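This report walks through a protein model, starting from a single residue and widening to the fold as a whole. The sequence and the structure are shown below.

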Amino acid sequence: MNSLRGVGVALITPFKKDGAVDFPALEKVVDYTITGGVDFLVVLGTTAESATLNKEEKKAVIKCVKEVNGERKPVVVGIGGNNTAQVVADLRESDLTGIEAILSVTPYYNKPSQQGMYAHFKAIAEASPIPVILYNVPGRTGVNLNADTVLRLANEVPNIVAVKEASGNLGQAGYILRGRPEGFSVLSGEDNLTLGLISQGGDGVISVVANVFPKEFCKMVHVALKGDFVTAQAYFKRLQEVTDALFEEGNPAGVKAALTLKGLIDNHLRLPLVPVSERVVQKIKNNIEKYSL
């Protein structure tokens, strides 16, 4: 899909001190990332702490993002889980008006086989009225959706249009890129591996870092997609250290600390997540100053 190319930002969900969703702060982040050059918005992914949001909060977050966005950028919504029947029910209950696609994570904890994951995603795609993006993130789920299964889904299920590949294995991504059907997008799920994936023919990234440094990160990706890897590497060198710092004590704790330094949100998370240490905050701050980010 042409709309799933470039930089998608995996939006955080800001919270107030009392734990409630901070909608004015969310509006600021959405505007900030759009102004910074992102190509599409991803709502209720892992970075959004969606596992801690209830159904009503999720609906309210989607509504807020859609209203602030208007029709400026395509919007993708995370709808996934490890209970296939429940994911299908959630799809049928969701108002997906104005939503470009859903992002659906591999089933976590119950560790299905490749055939199990194939059947899971086929059932989701058949129930979804809009396109589906596969999300492979074995570091969080305990299972790896391998290249053969991705390609089987891409070739056999018309409604599956892309994969967010966060295995950390560029070789696996390469096999997907080699065998993908026309129009199937391959997006990096790891910020620091984005240029490596694009160099193999990938289409971009669903990024955490773009919450904080959208201008620099989007310029890096956009010039890389045009084949200018010399300029892209210059941006990468400015962003590499701070990207590592953002993930040092977990996501989205690091990115929320950085957005607090930027004055866009207050630094609150929902348990079991907690803010990063002062040491990491200082590291992020030092990198922002060092590289003028």
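Leaving aside its neighbours within four places in sequence, with which residues is L44 in contact? In this predicted model, the residues that L44 touches beyond those neighbours are S50, L53, K58, V61, I62, V77 and G78. L44 itself is found in the loop between β2 (40-43) and α2 (55-69), and its C-alpha atom is separated by 9.9 Å from that of K59, which lies 15 residues apart from L44 along the chain. L44 counts as buried because its relative accessible area is 6%, under the 20% that marks the limit for that class.

**Backbone features in the loops**

Most residues other than glycine have a negative phi, and most peptide bonds are trans. Against that background, L44 has a positive phi of about 65° although it is not a glycine, and K111, which is not a glycine either, has a positive phi of about 50°. The place of K111 is in the loop between β4 (101-105) and α4 (114-127). Is K111 buried or exposed? K111 counts as exposed, because its relative accessibility is 58% and the class begins over 50%; L44, by contrast, is buried.

Two cis peptide bonds can be described alongside these residues: one joins N251 and P252, and another joins L271 and P272. P252 lies in the loop between α10 (229-247) and α11 (253-261), while P272 is placed in the loop between α11 and α12 (278-290). The omega angles are about 10° for the bond between N251 and P252 and about 20° for the bond between L271 and P272.

**Strands and their pairing**

Which residues of β4 point one way, and which the other way? From this strand, A101, L103 and V105 point one way and I102 and S104 the other way, and all of them are buried. Since 5 of the 5 residues of β4 are buried, the strand is largely enclosed by the rest of the structure. Its pairing with β3 (residues 75-78) is in the parallel sense, and within that pairing V77 stands opposite I102. V77 is also one of the residues in contact with L44.

Strand β8 (residues 204-207) shows a like arrangement of side chains, in that G204 and I206 point one way and V205 and S207 the other way, and all are buried. β8 pairs with β1 (residues 6-10) and with β7 (residues 185-188), in the parallel sense in each case. The pairings described here are set out in the table, with a pair of opposed residues for each.

| Strand pair | Sense | Bridges | Opposed residues |
|---|---|---|---|
| β1 and β8 | parallel | 4 bridges | G8 and I206 |
| β7 and β8 | parallel | 2 bridges | S188 and V205 |
| β3 and β4 | parallel | 3 bridges | V77 and I102 |

**A residue of helix α11**

Helix α11 contains A258, which counts as buried because its relative accessibility is 0%. Leaving aside its neighbours within four places in sequence, A258 is in contact with V212, L246 and I284. How many Å separate the C-alpha atoms of A258 and L153? They are 37 Å apart in space, and the two residues are 105 residues apart in sequence.

**The protein as a whole**

The protein has 12 helices and 8 strands. For its 293 residues, a compact globule would have a radius of gyration near 19 Å, and the 18 Å of the protein agrees with this. Taken along the principal axes, the C-alpha atoms fill a box of roughly 50 × 45 × 35 Å. Of the 293 residues, 53% count as buried, and among contacts with a separation of 6 or more, 71% are accounted for by residues 24 or more positions apart.

The surface that the protein exposes comes to about 12400 Å², of which carbon and sulfur atoms supply 50%. The charged side chains comprise 31 positive and 31 negative ones, and the centres of the two sets lie 2 Å apart.

How values were computed. Residues numbered from 1 in each chain as written. Predicted model: local features only at pLDDT ≥ 70, side-chain atom pairs only at ≥ 80, totals over all residues. Heavy atoms only, no water. Rg over C-alpha atoms; globule rule 2.2 N^0.38 Å. Buried < 20%, exposed > 50% of the residue type's maximum accessible area, 1.4 Å probe, protein only. Contact = heavy atoms within 4.5 Å. Areas by Shrake-Rupley, 256 points an atom, 1.4 Å probe, with all protein chains shown as cover. Lys, Arg positive; Asp, Glu negative; His and termini not counted. Charge placed at Lys NZ, Arg CZ, Asp CG, Glu CD. Pairing = 2+ DSSP bridges.
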